[in-house]
Amino acid sequence: MSNFLIGYIVASLFIAVLDSLLAIVSFRKGGVQGKALGATCVGCAFVDLSYLVSVLVDDYFVYSCLSSVYFVCIDIMLLCLVMFIRDFCKFRNSAVGRGHFMAAHFIILVDIIVFAINPFCEIAISYVPRATEFAKYSYNMHGLFYVHLFFCYAMVATCVYFLLYKLVSVPLEYKRQFLYAVAGVVSIVAINAVFLFLPGLSKYNFLDYSILGYSIGAYAFYWACFQYSIKGMTNLFKMSVFENIDQGLMLFDYENRLILYNDMVYKQFPRLKFRDMLPLREFTDMCGVNIKDNYENYVVQCYAETDAGKKPLRCDFRTLRNKRGRIIGRLFMFSNAVLATDPLTGFHNWDDFVFYSEENKDVARGDLVVLACDIMGLSFINGSKGRHAGDRCIKELADLMRNYFPDDAYFVRGQDAILIAFCAGGSEEIVVDSLKALEEKFEPKIQYGVSVCRSSDNMLEGIGLAIKGLKQKKLLCKESNHSVILNSLVQALQESDNDTEEHVRRTQLMGAELGRRIGLNDVQLSDLSLLCLLHDIGKIGVPLEILNKPGKLTAEEWDTLRTHPVKGYQIAQSSPELCGIADMILHHHERWDGAGYPDGLARESIPLLSRIIAVVDAFDAMVNTRAYRKALPQDVAIEELKRCAGTQFDPNIVSEFIQMIEALPSKASEVAEAVSEEVREVVRDELTQGASSANSFHSVHNLRYVRYTLDEQNNIIDFDKDFERLTGFSALDIQKNRMNQTDLLPPEDRTEYVCQITEALGKNPSAFFEHRIMRKDGSVIYVLCYGRRYFDSATRSGRAEVIVADVADTYTLRIMADMERNKVRRQQAQWENAYRRDSLTGLLTRNAFKSDTEFKLLEGKCKVMLLMLDVDKFKEYNDTYGHVAGDEFLNLIGQTLLSSLRRDDIAGRMGGDEFAAALFFKKESSDEFMYERAQQIFDKINMTLKMAAKGTSLSMGAIISNEEMNTFNELYQSADRLLYKSKENGRSRLSVRQ
């Protein structure tokens with residue numbers, strides 16, 4: 001067998017398999033087209049296989065039978081092809097299409113009969129033997145075979161007619177799919193005609209190669225029908241959209257060279273000339289667009305020079321990446337921003353920006369600094385000089401913002417006259433500094449608010465935070481109309497406490513400085529300034545005689561004073577401008593150990609600003625004179641703060657505050673020794689707000705009660721001095737209204753009370769009940785009531801003596817309330833313990849670890865060694881074994897670290913694969929002994945790591961506190977430097993400070 005024949009056999013079998021696969025895919029498409037094309041592909045496969053077998057056989061009769069099968073399969077295949085093209089060209093319901101189809105069925109039936117008879121009686125075709133390796137018979141065609149050929153060519157002509165008719169009627173862009181189909185059909189028929197009518201003498205001409213062409217044609221029809229509209233037109237439509245979109249599009253390749261741009265770019269930048277392979281940097285310089293290198297998606301405003309002047313454009317920048325994350329290009333989209341631009345300022349108008357931000361909220365971007373600013377007194381300018389003067393101020397401010405803010409800033413005209421700027425990649429300080437420089441050139445006063453909008457945050461929420469800070473600053477500004485409600489509250493507070501104004505000014509200054517030290521953002525600083533002003537606003541509901549009492553307060557007076565956080569909370573909640581700080585007002589007397597009021601919150605569950613104002617307020621109260629004591633020296637006040645750190649105050653806040661105060665020049669002229677212990681006790685009692693008065697315990701208690709007398713008609717005729725305290729009714733009320741016993745009861749209780757008291761007194765001259773009393777102010781309280789009937793010999797009439805005690809005054813109820821409060825505190829302590837623990841390792845969180853370490857440092861009773869630990873090559877471990885295994889590995893490290901410490905030592909997870917431990921030693925412990933302990937911990941953890949996961953290790957830095965370095969931040973920074981020294985020196989090392 002020759003190589004040529006082997007190749008032909010392999011090709012035929014391969015194409016038959018392709019026909020079968022294409023048939024399956026077509027049938028799955030469904031519909032008339034899918035089924036007809038599938039049947040055509042099946043016919044192609046049978047034609048191919050039957051012809052292949054026929055050219056290989058030697059027997060005359062077998063060759064004749066296979067040829068008949070082959071000819072019939074061609075008929076059926078062409079009929080299915082006609083059905084397919086008829087539906088493909090939409091001739092299915094036409095009269096012409098139906099006529100051709102019926103005729104084709106009749107002729108195929110005749111053809112089947114003729115070729116079924118032919119092997120036995122050669123009425124259509126006979127075969128002439130020839131001495132060749134394959135195709136050992138040639139055709140001797142008779143008349144009926146020419147009828148068969150005429151029928152086949154007629155069906156082919158019908159297909160071509162359908163295709164040409166459709167070719168003429170479709171749009172130019174769709175002609176190609178029909179033109180290719182016509183060319184394919186004609187080519188196959190031409191090859192078949194050459195084989196039949198112009199056979200050559202070479203053995204290579206003995207085979208009908210059009211058989212293979214049938215399969216190729218079937219694939220062409222499949223592509224034209226099912227793929228051309230999806231894939232063949234995709235690029236065409238992409239280019240059409242690219243050219244006709246109303247945005248200027250410019251595409252740069254991975255090497256930052258211009259490779260594609262549309263005509264709209266020329267219309268938007270008529271004075272610029274673009275060329276192929278234009279460098280990206282040259283392009284951005286030409287257009288005035290500043291794109292940061294580290295930003296993948298970006299939006300910036302720019303202006304194009306046109307004959308009509310500057311035209312505002314919005315530039316959307318996108319970095320394009322493939323599936324592997326490699327950069328394949330950079331796309332610039334320039335949009336006409338005239339309709340979306342505020343005509344006065346040239347900034348993006350608010351309504352369109354809101355729509356834009358919602359539409360693009362899922363687009364990746366970097367962090368943004370958001371600044372919202374407003375002109376103070378703008379309404380006064382509009383009212384006195386006219387709106388045109390106010391508009392001139394707004395426009396001037398907008399122009400200055402463009403000049404002074406970074407080139408990549410994006411500007412929005414907010415609601416009313418608020419102007420908003422987005423700055424990418426910078427810090428709050430840079431943006432505020434830009435505004436400060438601008439203020440020197442702008443005459444009216446500007447107020448502003450700043451927030452940071454993270455990449456995962458909604459831009460509108462970032463604007464909302466900045467505007468919140470702006471409005472709070474306007475509240476605090478006396479020149480603003482928004483400060484009217486605030487001024488009235490402050491005036492009411494000053495009437496209650498003469499020192500309010502100076503106290504507020506001092507706390508605001510100290511609070512702002514402390515807030516900056518601990519990294520509060522602009523909105524938090526605004527909240528803190530407002531809190532300094534209003535944290536004691538609830539005192540306007542406290543009697544003046546308690547607020548200004550020169551001596552110590554009684555337990556009852558302390559109880560009254562301690563209601564002011566709740567009253568302040570209620571006042572703040574009633575005002576939309578103040579509700580943001582209501583919770584902070586409510587909790588500014590909570591204690592770090594949970595023994596504060598009103599809710600007994602502890603540790604980090606207390607709002608941060610409440611913890612700050614507690615320290616600042618306490619310090620200012622100590623160093624300033626009060627009605628009942630003199631001011632304490634600054635160093636004594638600092639000593640008291642240290643003493644209360646970890647119990648009353650957040651140790652971290654106290655540490656930062658003391659560092660801030662000590663950095664300032666001292667104003668104290670006295671020395672600590674000059675302060676008597678009596679004064680210290682007064683101050684301590686003041687700081688605890690009378691909490692110590694409730695610590696005494698007795699088994700026997702006096703019960704406060706009220707006694708009054710009734711006549712025979714149950715009218716009140718006599719009462720003691722405490723009657724008004726309990727019921728609110730004075731002697732004048734009783735005499736004027738001739739009050740009855742039932743007048744003290746709520747209306748809904750009176751019938752039941754009369755029935756039960758009558759029944760009880762009918763059996764016994766005395767009765768003991770628990771019921772409700774309605775006080776003069778409408779409030780209802782529960783009381784214990786004892787009454788007895790007796791005969792008054794002086795008046796010769798019946799009387800009743802009634803003794804009433806408020807249930808709330810009983811010691812039993814107070815004990816029950818305390819038990820419930822303790823139960824709640826225990827539950828809260830469990831929650832707070834969970835809140836302070838890292839969910840993965842069970843170690844302290846960063847903030848909790850910092851607070852507990854700071855407390856020990858402030859206490860000053862021990863030496864502190866801080867260890868910083870970091871896992872070497874953890875990323876490689878995580879990438880190799882997965883995140884679940886990585887989490888288990890981190891948990892193992894945390895537990896090993898914890899088991900290496902003593903009971904009083906603490907450990908925390910600082911973030912990621914970084915851990916810390918604080919070890920506490922006696923003052924007399926030597927540094928060598930402490931560092932030896934650090935080495936033991938280092939060795940134990942490293943040994944565990946090597947056994948658990950080869951290839952990983954631990955690096956550690958250790959530092960010991962001393963007189964020069966005794967705050968957490970100082971220790972942390974030093975230990976962190978030592979840790980990275982270990983990493984730089986080859987990892988798996990312990991570095992200590994010598």
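I count a residue as buried under 20% relative accessible area, as exposed over 50%, and as partly exposed in between. I am working from a predicted model.

**Entry 1: Ile113**

I looked up Ile113 first. Its place is in helix α4. Its relative accessibility is 47%, between the two cut-offs, so I log Ile113 as partly exposed.

Next I asked which residues join Ile113 in a nonpolar patch on the surface. They are Leu109, Ile117, Ile123, Leu144 and Val147. Together with Ile113, they have about 490 Å² of accessible area. Two elements give two or more residues each to this patch: α4, residues 95-117, and α5, residues 143-169. The largest share is that of α4, with 3 residues.

**Entry 2: Asn118**

I then moved to Asn118. I found Asn118 in the loop between α4 and β1, where β1 covers 125-129. Is Asn118 buried or exposed? Its relative accessibility is 0%, so Asn118 goes down as buried.

I checked the side chain of Asn118 for a polar partner. One of its polar atoms lies 3.3 Å from the backbone nitrogen of Ile123. Ile123 is also a member of the nonpolar patch on the surface.

I listed the contacts of Asn118, leaving out neighbours within four places in sequence. They are Ser64, Ser68, Ile123, Ala124, Ile125 and Tyr127.

**Entry 3: the cores**

I turned to the interior. In soluble globular proteins, nonpolar side chains tend to be buried together. Here, the largest nonpolar core has 66 residues. Which of them have the most contacts inside it? I noted Phe84, Ile85, Tyr139, Leu163 and Phe221. Helix α3, residues 60-88, gives the largest share of this core, 15 residues.

Another core lies apart from that one. I count 43 residues in it, including Val504, Phe619, Ala637 and Ile658.

**Entry 4: Met510**

My last stop was Met510. It sits in helix α17, which runs over residues 500-517. The relative accessible area of Met510 is 14%, and the cut-off for buried is under 20%, so I enter Met510 as buried.

What does Met510 touch, not counting residues up to four places away in sequence? I found Val616, Phe619, Asp620, Phe657, Met660 and Ile661. Phe619 is also among the residues of the 43-residue core.

I followed up Val616. Along the chain, Val616 and Met510 are 106 residues apart. Their C-alpha atoms are separated by 6.8 Å.

Definitions and conventions: Residues are numbered from 1 along each chain as its sequence is written. This is a predicted model: local features need pLDDT of at least 70, side-chain atom pairs count only at pLDDT 80 or more; totals for chains, interfaces and linings use all residues. Side-chain values use heavy atoms; hydrogens and water are left out. Patches are made of residues with over 30% relative accessible area and no salt bridge: like charges are joined within 9 Å, nonpolar side chains (Val, Leu, Ile, Met, Phe, Trp, Tyr) within 5 Å. Accessible areas come from the Shrake-Rupley method with a 1.4 Å probe; for residues, only the protein chains shown count as cover. A salt bridge is a side-chain nitrogen of Lys or Arg within 4 Å of a carboxyl oxygen of Asp or Glu. Helices (H or I, at least four residues) and strands (E, at least two) are DSSP runs, numbered from the N terminus. Buried means under 20% relative accessible area, exposed over 50%, partly exposed in between (1.4 Å probe, protein chains only). A nonpolar core is a set of buried Ala, Val, Leu, Ile, Met, Phe, Trp, Tyr and Cys residues joined through side-chain atoms within 4.5 Å. Contact means heavy atoms within 4.5 Å. A polar contact is a pair of N or O atoms within 3.5 Å; within protein, one must be able to donate a hydrogen and the other to accept it, and residues adjacent in sequence count only if both atoms are side-chain atoms.
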